[in-house]
Amino acid sequence: MVFLIVTMDFVKYYIASLISSDLDMYYEPADCPATARTSSLVEELGQVDFIFSDKTGTLTCNVMEFKMCSIAGIAYAEVVPEDKKAHTDERGKLSGMFDFKTLLRNAETHETADVISDFCILLSVCHTVIPERDENDGANIIYQASSPDEGALVKGVQLLGYKFTTRRPKSVTVEHSGYAHEYEVLNICEFNSTRKRMSAVIRMPDGSIKLYVKGADTVIMERLAKQNNPYVDTTLIHLEDYANDGLRTLCLAYREISESEYAEWSRIYDRAATTINNRSEALDQAAEMIERNLILLGATAIEDKLQDNVPDTIYTLARAGIKLWVLTGDRQETAINIGFSCKLLTEEMTILVCNEDSFYDTKVFLQEKLEYFRKMLSQAEAEAAQANKYTGFGATVWDRLEKTGEWIAKSRTVASVWNKLTGRGDNELFIDKDRVIEIEPFALVIDGRTLEFALEPDCKMIFLELACLCKAVVCCRVSPLQKALVVKLVKDNVDGAITLAIGDGANDVGMIQAAHLGVGISGVEGLQAARSADVAIAQFKYLQKLLLVHGGWAYARMSKLVLYCFYKNITLYLVQFWFAFDNGFSGQTIFESWMQSCYNVMFTLLQPVALGIFDQFVSARMLDRYPQLYRLGQRSEFYNNKTFVFWVANSFLHSFMIYSLLKVATTESQMLSDGRVVNIWLVGMILYTIDIILVTLKAVITLNTWTWFTRLAVLGSMVGWLVLFPIYGTVAPLINLSTELYGIPPIMYSSGVFWFSIILIPVLVLVRDFVWK
């Protein structure tokens, strides 16, 4: 049906424009409106079952502030909380945090002064930040950083007396201790999502060579020297404290390099840098050779605050039946803390933490938890079945019929029905996304290393089933590839589930493209995610209105539009089918050909457009107040096999009724006022008029919202036909066009049977629809 496709595309385009022009999703501080980059998927916004979200820049502001650090096993903070101030414990050991003023004093006279110096130099030189002088204030330097973390660290180390001022092609200048010191940058091994670290080979002012490395704790700890690392245990304790406070952490380490070792490694690095094929892999291998036997200096802690209304948004989406999985590269403790802060995790949840070191241990852990879940589910379902059990004559038969109807409604394709009937695919895992789980809430937390084992072919379905039974899932220290694999796992194996991925950076593009729907945050890290997504928004909180309101409306509107288009066309053309029984299947048509051609493009054009653009099954305020209404879309309540069959059957009934009732009213012996007998063209035009009024009144019954356009669509279609037909029926035969209509308009409009039929027959046909939709 070309008309249906064209109408759907037009309506989807208009719905997408409504999303882009919604002032409630306009972020004024950044002058950033919502942008729907594609209109082909708007109805799926109302059917989302799983949301996969990045953390940094998506749930948080991605505006970093250097707050705390651990140097040589001593904790420092810009502002020390009262309960964490430094004190002497019972054993006479000094513990707690010191402020940055104490750090500045320790940098001069303390026994850890050398470590502090290396720590600050590392932050000042191991980066790719570009300094720019402020045009209004020459003393002020603006740092252009590739990531907010780097910028925050370079700004933060200024508080410690080390000011990065100049970058040259082969050196950087840092002001500290009252002098400007130039450090020669021999090589830079850049950060990427696989390495999770960055290193710089620096020639110091005294001529010595040092390797400075900063990165995630997991990768730095693996590369530390086995001896002469006295600060590891204390630093790990500090890292856990920072993560529990929701801070982003990095570990800092270094080692001295001899001239001979550097000369040998430099040749390897230069050869890798000039490689044409697989250059990045060759550079990573070269960096791996030198990033070993490191000495731990300490760690940094950066604060990244949550965006506005993130907790309320996540809570509302959970009430709507949407499951949120957070996929982040942060430490596990940081992710858990943020999870509690944003209400993804609650005190009522039992948190399952999966940190295993082997594939076997991972599989055993997941299998044990899954078996426990299955027992709980079986017990809960048995209790629910007993509570809802009813007896009486025909109870078993009725129960079977009810379950059969639910099964057919859930079977989205003919192939799935056939597979179930023939028993094919019985050995495959079936995960019902609409299954209501009334058991104790659980949350699954898994780290990136364990996730590698969980995504193995022999284990991934166990992981998926367990994860789907949990209220929330948090994946920590994951790479961009793992994010995409997790999304693809759910997309391919959860029957009928619609997935949505949301992120703000280039490392989220794979995840966004893997999901059914991609939403990009126009944030600090650029527009890569926003440009790769189907919809771009400025803040996570706008996801609530995008899904619950725009998505809910779009799904309901498109469902009604498709059903109505099938209904009105089947109703018209089935009249020709019933007429075939009276003409002996001779092929004679009852409708004039030009009238049939104008049916979709003129006289029933506005009704589906009114349904598709302006109808609201409930108001935006109600959808926001009662997010549970979103589950209507998740369960395909507006459009499914059962609903489609009902609308088609209804069109069969309506076409038969209007043909039969008019056949009774205008028999072959029916005489007109001038003595002529009724012919098929007169009957056809009366049937055509009745059909237009019928399908228009059906649209009236289907509509939930009335606007100026819906009134125009209803009145304009009926009045337009009644006014234009006599004009066309009079003029067209005079120019040898539609000669079958010659003399029909005056006869039809002067007939009492015509006026009686167009008023009474549509009303009689729609009585059942009006009483019971």
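Cys251 is in contact with Val213, Lys214, Gly215, Asp217, Ile220, Met221, Leu239, Leu296, Gly298 and Ala299, when its neighbours within four places in sequence are left aside. The model examined here is a predicted one. Cys251 belongs to strand E15, which spans residues 248-257. With a relative accessible area of 0%, Cys251 is buried, because the term applies to values under 20%. Between Cys251 and Ser146 there are 19 Å in space, C-alpha to C-alpha, and the two are 105 residues apart in sequence.

**Salt bridges**

Side chains of opposite charge can pair when their charged atoms come close. In this structure, 34 salt bridges are present. Three of these pairs are set out below.

| Pair | Closest N to O | Separation in sequence |
|---|---|---|
| Glu291 and Arg195 | 3.0 Å | 96 residues |
| Glu288 and Arg223 | 3.0 Å | 65 residues |
| Asp769 and Lys698 | 2.7 Å | 71 residues |

The salt bridge between Glu291 and Arg195 has an N to O distance of 3.0 Å. The pair links distant parts of the chain, with Glu291 in the loop between helix H8 (279-290) and strand E16 (295-306), and Arg195 in the loop between strand E12 (179-189) and strand E13 (197-203). Glu291 and Arg195 are both buried.

A salt bridge also joins the side chains of Glu288 and Arg223. Glu288 is part of helix H8, while Arg223 lies in the loop between helix H5 (217-222) and helix H6 (232-244), so the bridge ties together parts that are 65 residues apart in sequence. Glu288 counts as partly exposed, at 38% relative accessibility, whereas Arg223 is buried, its relative accessible area being 14%. The residues of these two pairs belong to a network of salt bridges that links Arg195, Arg197, Glu222, Arg223, Glu288 and Glu291.

In the salt bridge of Asp769 with Lys698, the closest N and O atoms are 2.7 Å apart. Here the linked parts of the chain are helix H29 (residues 767-771), which holds Asp769, and helix H25 (residues 680-702), which holds Lys698. Both Asp769 and Lys698 are buried.

**Packing of H25 and H26**

Two packed helices are described by the angle between their axes and the distance between the axes. For H25 and helix H26 (residues 708-731), the angle is about 170° and the axes are 9 Å apart. The two helices are therefore roughly antiparallel to each other, as angles over 145 degrees count as such. Their crossing is left-handed. H25 contributes Met685, Tyr688, Thr689, Ile692, Ile693, Thr696 and Val700 to the contact, and H26 contributes Val714, Ser717, Met718, Trp721, Leu722 and Phe725. Sorted by class, the residues of this contact are 10 nonpolar, 3 polar and no charged.

**Residues with positive phi**

Lys343 is not a glycine, yet has a positive phi of about 70°. The residue is found in the loop between helix H10 (332-341) and strand E18 (350-354). Lys343 is partly exposed, with a relative accessible area of 41%.

Ser738, likewise a residue other than glycine, has a positive phi near 55°. Ser738 is placed in the loop between H26 and helix H27 (744-749). A relative accessible area of 6% means that Ser738 is buried.

Conventions. Residues numbered from 1 in each chain as written. Predicted model: local features only at pLDDT ≥ 70, side-chain atom pairs only at ≥ 80, totals over all residues. Heavy atoms only, no water. Salt bridge = Lys/Arg side-chain N within 4 Å of Asp/Glu carboxyl O. Helix = DSSP H or I, 4+ residues; strand = E, 2+ residues; numbered from the N terminus. Buried < 20%, exposed > 50% of the residue type's maximum accessible area, 1.4 Å probe, protein only. Axes fitted to C-alpha atoms, helices over the stretch in contact; angles between N-to-C directions. Parallel < 35°, antiparallel > 145°, perpendicular 65-115°, else oblique. Left-handed = near helix turned anticlockwise from the far one by under 90°. Contact = heavy atoms within 4.5 Å. Nonpolar A, V, L, I, M, F, W, Y, C, P; charged D, E, K, R; others polar.
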